Amino acid sequence: MATELHNLSDYDPTKVPSGQGRRIAIVYSEWNSEITYALRDGAVNTLLVNGVEKEGIELFSVPGSFELIYGASRLVKSDKYDAIIAIGCVIRGDTPHFDYICEGVTAGLSSLNVTGDTPVIFGLITTNNLEQAQERSGGRLGNKGDECAVTALHMIAQFSE
Ligand code: DLZ
């Protein structure tokens, strides 16, 4: 029996905390930019729809997903944001490089959530091919950027003040 896949843009708008007055940084990678720009734009749009002001959203690009760790770390240390969304896309190739990047980014972003005082939301898409990434960045499975934005608002509401 096939597993039903979750649509990443499917959320109950009545249950999303308002983002009014919140400050959110999005750090996104330029690798696979067709995908990461769509994820970034999805996150921005969902934040705006849920009350975050345009001035409350700041965007930072880094070359590749591996650099999301340093980028997010600097943003955590700045203490300027209520949440940070890290967006990247790693597509499996012919070598084990995929595994090293995925493991590195996952460990790096995870450690920021343990050591820092700002939630870092995991917006890394890791897929076997471009089609799977397209499906998750505005395609038939929604947009992971939307999911990250909603998650950020929940984390802020739960743990701030
Ligand atoms: C080198 C590399 C490769 C092969 N693939 C990807 C990828 O699919 N997605 C991604 O975001 N970045 C990739 N990179 C770049 C690394 O993340 C990193 O920028 C370089 O190894 C330099 O540190």
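**Close-up 1. β3 and α3 each put at least two residues into the lining of the largest pocket.** This is a predicted model. Around 240 Å³ of space lies in this pocket. Of the 15 residues lining the largest pocket, those closest to its centre are W31, V90, I91, H97 and I101. Sorted by class, the lining splits into seven nonpolar, six polar and two charged residues.

**Close-up 2. The ligand sits in that largest pocket.** Its surroundings are made up of S29, W31 and N32, then G64, S65, F66 and E67, then C89, V90 and I91, and finally H97 and I101. Class by class, that shell has six nonpolar, five polar and one charged residues.

**Close-up 3. β3 and α3 turn up again, this time in the shell around the ligand.** Here, too, each of the two elements supplies at least two residues. β3 covers residues 83–91, while α3 runs over 97–115. Which element gives the most to the shell? That would be β3, with three residues.

**Close-up 4. Two backbone contacts reach the ligand, one from C89 and one from I91.** For C89, a backbone N or O atom lies 2.8 Å from a nitrogen atom of the ligand. For I91, a backbone N or O atom lies 3.2 Å from an oxygen atom of the ligand. I91 is also among the residues closest to the centre of the largest pocket.

**Close-up 5. N32 meets the ligand through its side chain.** A polar side-chain atom of N32 is 3.3 Å from a ligand oxygen atom. And how much of the ligand does the protein bury? Taken alone, the ligand exposes 480 Å², and the protein buries 70% of that.

How values were computed
Residues numbered from 1 in each chain as written. Predicted model: local features only at pLDDT ≥ 70, side-chain atom pairs only at ≥ 80, totals over all residues. Heavy atoms only, no water. Near = heavy atom within 4 Å. Polar contact = N/O pair within 3.5 Å; in protein donor to acceptor, adjacent residues only side chain to side chain. Areas by Shrake-Rupley, 256 points an atom, 1.4 Å probe, with all protein chains shown as cover. 1 Å grid on protein atoms, 1.4 Å probe; cavity = no way out; pocket = protein on both sides within 12 Å on 5 of 7 lines; lining within 4 Å. Sits in = over half its atoms within 2 Å of the grid points. Helix = DSSP H or I, 4+ residues; strand = E, 2+ residues; numbered from the N terminus. Nonpolar A, V, L, I, M, F, W, Y, C, P; charged D, E, K, R; others polar. Points joined across faces, edges and corners; volume = space filled by probe spheres on them.
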